[in-house]
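Biologist: I would like to learn how to read contact and pocket tables for a protein with DNA. Could we go through one case?

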Protein chains: 4
Amino acid sequence: MIDKNSPVPIYSQIEEYIRDLIRKGELQPGQTLPSEREYSEQFQVSRMTIRQAITKLVNEGYLYRKKGSGTFVAETKFEQALQGLTSFTEDMKARAYAK
Amino acid sequence: MIDKNSPVPIYSQIEEYIRDLIRKGELQPGQTLPSEREYSEQFQVSRMTIRQAITKLVNEGYLYRKKGSGTFVAETKFEQALQGLTSFTEDMKARAYAK
Amino acid sequence: MIDKNSPVPIYSQIEEYIRDLIRKGELQPGQTLPSEREYSEQFQVSRMTIRQAITKLVNEGYLYRKKGSGTFVAETKFEQALQGLTSFTEDMKARAYAK
Amino acid sequence: MIDKNSPVPIYSQIEEYIRDLIRKGELQPGQTLPSEREYSEQFQVSRMTIRQAITKLVNEGYLYRKKGSGTFVAETKFEQALQGLTSFTEDMKARAYAK
DNA sequence: GTGGTCTAGACCACT
DNA sequence: GTGGTCTAGACCACA
């Protein structure tokens, strides 16, 4: 799934891997992601690499983090992809979570 | 008052908040502090975070804890310097607790 | 070595265990301690319990922590008394860390 | 369910109440009990009273406690009541949990 | 891959 | 009903 010899940066590959799981619905909105440490072991890469991938997905609005609790799949992106525009309220709600 | 998005750790912010209350005299020597669980609810953080703040103030001699009773404002170094001598008993009591 | 049914808090037992290693010279000044997560596994207790033990030893000046690197044995008061003067630089370094 | 005006001590009433839940299978072996604080609120009694009740059930082998985790329904008593004697292995297993 | 911070609880010891 | 200890994790900042 992840090719360490690929010219594509590993964090991009992981980023794409997670984005796919969300798009395919294998990771549902509100659901907790595997922890950074789990991904770190699974892909045999450093936690920094995992964090790079996750941080991009957070910035893109796919995920949000809650310190001490975990990383979660956001509502917005999923609905945007599915339904086009989200309502103002939903948007604000998602942003609130992202804090 | 407390900014969860600040790079300053929450427990440091709370520590500073309580230290200020003492300095401004809103918390008087001998007075009982709100309980850890009350602060926990007030600031919407976990009790361990509150304990980190209070523990630092205990180590600095601003507060002392009494098991089963609560957390109290100590006879501070500041007041000792300002008001001269405290009574021997009070002094020993404060020192004992300050440990 | 650690008795979970003892009335002595586990963190105190671990604190004493590490202090002994230092006193007996099995942990030499400057040496890196096993990581908190290693101790956590070794003693089958949560990391927070290990941290309580280590934090006390840090406050007492036996150990110092370096973010991202590890926990190290300090140039102890004991050795300072025994060996006379340490170099100015080493001394300042130890004091800085001991804070 | 609990009668504060009864001559039967409140902790005995609570003890009996929980024992019944176990006997009726509403609390299954391995299951977590509601926390001391929850019971304390539910019955409007102090936590000491709850602890008295639970401690008796622990001593009788109906429950076991895991610090930091919770109080759980034991296997033994249930099986003893149902099947008479438990096997040596099961007994040891239950004792192991009780640690 | 370490230490730092934090969560959302739990049971324990004590007043 | 307080503070004390502890769990089983999580994410964060750094080297």
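Biologist: How do the residues of the lining of the second largest pocket divide into nonpolar, polar and charged?

Modeller: First the basis: this is a predicted model, in which local features need pLDDT of at least 70, side-chain atom pairs count only at pLDDT 80 or more, and totals for chains, interfaces and linings use all residues. Residues are numbered from 1 along each chain as its sequence is written, chains are lettered from A and ligands numbered from 1 in the order in which they are written, and side-chain values use heavy atoms, with hydrogens and water left out. As to classes, Ala, Val, Leu, Ile, Met, Phe, Trp, Tyr, Cys and Pro count as nonpolar, Asp, Glu, Lys and Arg as charged, and the others, Gly among them, as polar. The lining here has 3 nonpolar, 5 polar and 8 charged residues.

Biologist: What is the volume of the second largest pocket, and which residues lie nearest its centre?

Modeller: A pocket is an open set of points on a 1 Å grid over the protein atoms alone, where a 1.4 Å probe fits, with protein on both sides within 12 Å along at least five of seven lines; lining residues have an atom within 4 Å of a point. Points are joined across faces, edges and corners, and the volume is the space filled by probe spheres set on them. Here the volume is about 430 Å³. Of the 16 lining residues, D:Glu36, D:Arg47, D:Arg51, D:Lys67 and D:Gly68 lie nearest the centre.

Biologist: Which helix gives the most to the lining of the second largest pocket?

Modeller: Helices (H or I, at least four residues) and strands (E, at least two) are DSSP runs, numbered from the N terminus. H3(D) gives the most, with 3 residues.

Biologist: Which residues are closest to DNA strand E?

Modeller: A residue is near a strand if one of its heavy atoms lies within 4 Å of it. Strand E is surrounded by 43 residues, with B:Ile10, B:Tyr11, C:Arg47, D:Met48 and D:Arg51 the closest. Of the strand E atoms within 4 Å of the protein, 62% belong to sugar or phosphate and the rest to bases.

Biologist: Which backbone atoms lie 3.0 Å from a phosphate oxygen of DNA strand E?

Modeller: A polar contact is a pair of N or O atoms within 3.5 Å; within protein, one must be able to donate a hydrogen and the other to accept it, and residues adjacent in sequence count only if both atoms are side-chain atoms. A backbone N or O atom of D:Glu36 is at that distance, and a polar backbone atom of C:Glu36 is also 3.0 Å from a phosphate oxygen of strand E.
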